[in-house]
Amino acid sequence: MTESRVREAIVDFGRSIFDRGLTAGSSGNVSARVEGGWLMTPTNASLGRLDPGRLSKLDENGRPVSGDPPSKEVPLHLAMYQERAGAGAVVHLHSTYSAAVSCMRGLPADSCLPPLTAYFVMKIGRLPLVPYHRPGDPKLGDAIRGLAGRNSAVLLANHGPVVSGTSLEAAVYAMEELEETAKLFLLLQGRDIAPLNAEMIQELVETFRLEL
Ligand SMILES: [Zn+2]
């Protein structure tokens, strides 16, 4: 895909994310790989009103090359790209249900949502919890770096999810699956949940060649 097509795709997906209330105000950021580096949504920009010509362009080490200054959440995206050679795009949102789960006490750190549905297992797999750091803290990038090699998505405590995908479309769809699963998880609080068992997960891993 040419860089101008990638720019248009970021604007289109950004508007779709914003219009459906998946992130509010100027929160959330989206990036996608292009020749020589990646494009990212600028700091203080609403995902609902992006300008394709003003997206931030960064080199492979996350240094700004052109466009408006990038989001301060560059370290999250950089960590994902550096650890995941196959990542073509990264999406980070403050989506309500996932952010709500990120504030719960006592979540299992290795995967904070249970395997409620096959699609969650297929699109997300595991969702490790990253301990709280303030937005923009470089330590947040380091914490993600330790997990991103084995996981395409992570949940930042008291903050929200970061999801990577082979393409922008794949990353956005995986993010939507995560958000829907977080919603189910919260709807099911206090009920007797029957998540997928180990045998069911193994069948998905073998059938769809998942890396879990
Ligand atoms: Zn954030």
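## Starting at A170

A170 has a relative accessible area of 29%, so it counts as partly exposed. This is a predicted model, and in it A170 is part of helix α6. Where does A170 sit relative to A89? The two are 81 residues apart in sequence, yet their C-alpha atoms are 8.2 Å apart in space.

T181 is another residue of helix α6, and here the picture changes. With a relative accessible area of 1%, T181 is buried. Leaving aside residues up to four places away in sequence, T181 touches L113, P114, L116 and F120.

## α6 against α1

Now for the helix that α6 packs with. A helix pair like this comes down to two numbers: the angle between the axes and the distance between the axes. For helix α1 (residues 3-19) and helix α6 (residues 168-187), the axes come within 11 Å and cross at roughly 15°. Angles under 35 degrees count as roughly parallel, so α1 is roughly parallel to α6. The crossing of α1 past α6 is right-handed.

Which residues make the contact? From α1 there are A9, I10, F13 and I17, and from α6 there are L168, E169 and V172. Sorted by class, the contact of α1 with α6 has 6 nonpolar residues, 1 charged residue and no polar ones.

## α2, mostly tucked away

Helix α2 (residues 74-83) is largely enclosed by the rest of the structure, because 7 of its 10 residues are buried. The buried residues of α2 are V74, L76, H77, L78, A79, M80 and Y81.

One neighbour of α2 is helix α5 (residues 138-148): the two pack at an angle of about 25°, with their axes 8 Å apart. That angle makes α2 and α5 roughly parallel to each other. Their crossing is right-handed. On the α2 side, the contact uses P75, L76, L78, A79, M80, Q82 and E83, while α5 brings L140, G141, I144, R145 and A148. The class split for the contact of α2 with α5 is 8 nonpolar, 2 polar and 2 charged. L76, L78, A79 and M80 of α2 turn up both in this contact and among the buried residues of the helix.

## The aromatic pair

How many aromatic pairs does the structure hold? There is 1. Any such pair is described by the distance of the ring centres and the angle of the planes. For W38 and Y81, the ring centres are 5.0 Å apart and the planes stand at 40°, so the pair is tilted.

The pair also ties together distant parts of the chain: W38 belongs to strand β2 (residues 37-40) and Y81 to helix α2, 43 residues apart. Are these two residues buried or exposed? W38 is buried, at 1% relative accessibility. Y81 is buried too, with a relative accessible area of 5%.

## A loop residue after β2

Last stop: S46, which lies in the loop between β2 and β3 (56-59). S46 has 17% relative accessibility, and since the cut-off for buried is under 20%, S46 counts as buried.

What does S46 touch, once residues up to four places away in sequence are set aside? Its contacts are F18, G25 and S26. F18 falls within α1, which spans residues 3-19. S46 can also be placed relative to N29: the two are 17 residues apart in sequence, with 8.9 Å between their C-alpha atoms.

Methods. Residues are numbered from 1 along each chain as its sequence is written. This is a predicted model: local features need pLDDT of at least 70, side-chain atom pairs count only at pLDDT 80 or more; totals for chains, interfaces and linings use all residues. Side-chain values use heavy atoms; hydrogens and water are left out. Axes are lines fitted to C-alpha atoms, for helices over the stretch in contact, and angles run from 0 to 180 degrees between N-to-C directions. Helices (H or I, at least four residues) and strands (E, at least two) are DSSP runs, numbered from the N terminus. Angles under 35 degrees count as roughly parallel, over 145 as roughly antiparallel, 65 to 115 as roughly perpendicular and the rest as oblique. A crossing is left-handed if the near helix is turned anticlockwise from the far one by less than a right angle, and right-handed if clockwise. Contact means heavy atoms within 4.5 Å. Ala, Val, Leu, Ile, Met, Phe, Trp, Tyr, Cys and Pro count as nonpolar, Asp, Glu, Lys and Arg as charged, and the others, Gly among them, as polar. Rings of Phe, Tyr and Trp (its six-membered ring) pair if their centres lie within 6.5 Å; planes under 30 degrees apart count as stacked, over 60 as edge-to-face and the rest as tilted. Buried means under 20% relative accessible area, exposed over 50%, partly exposed in between (1.4 Å probe, protein chains only).
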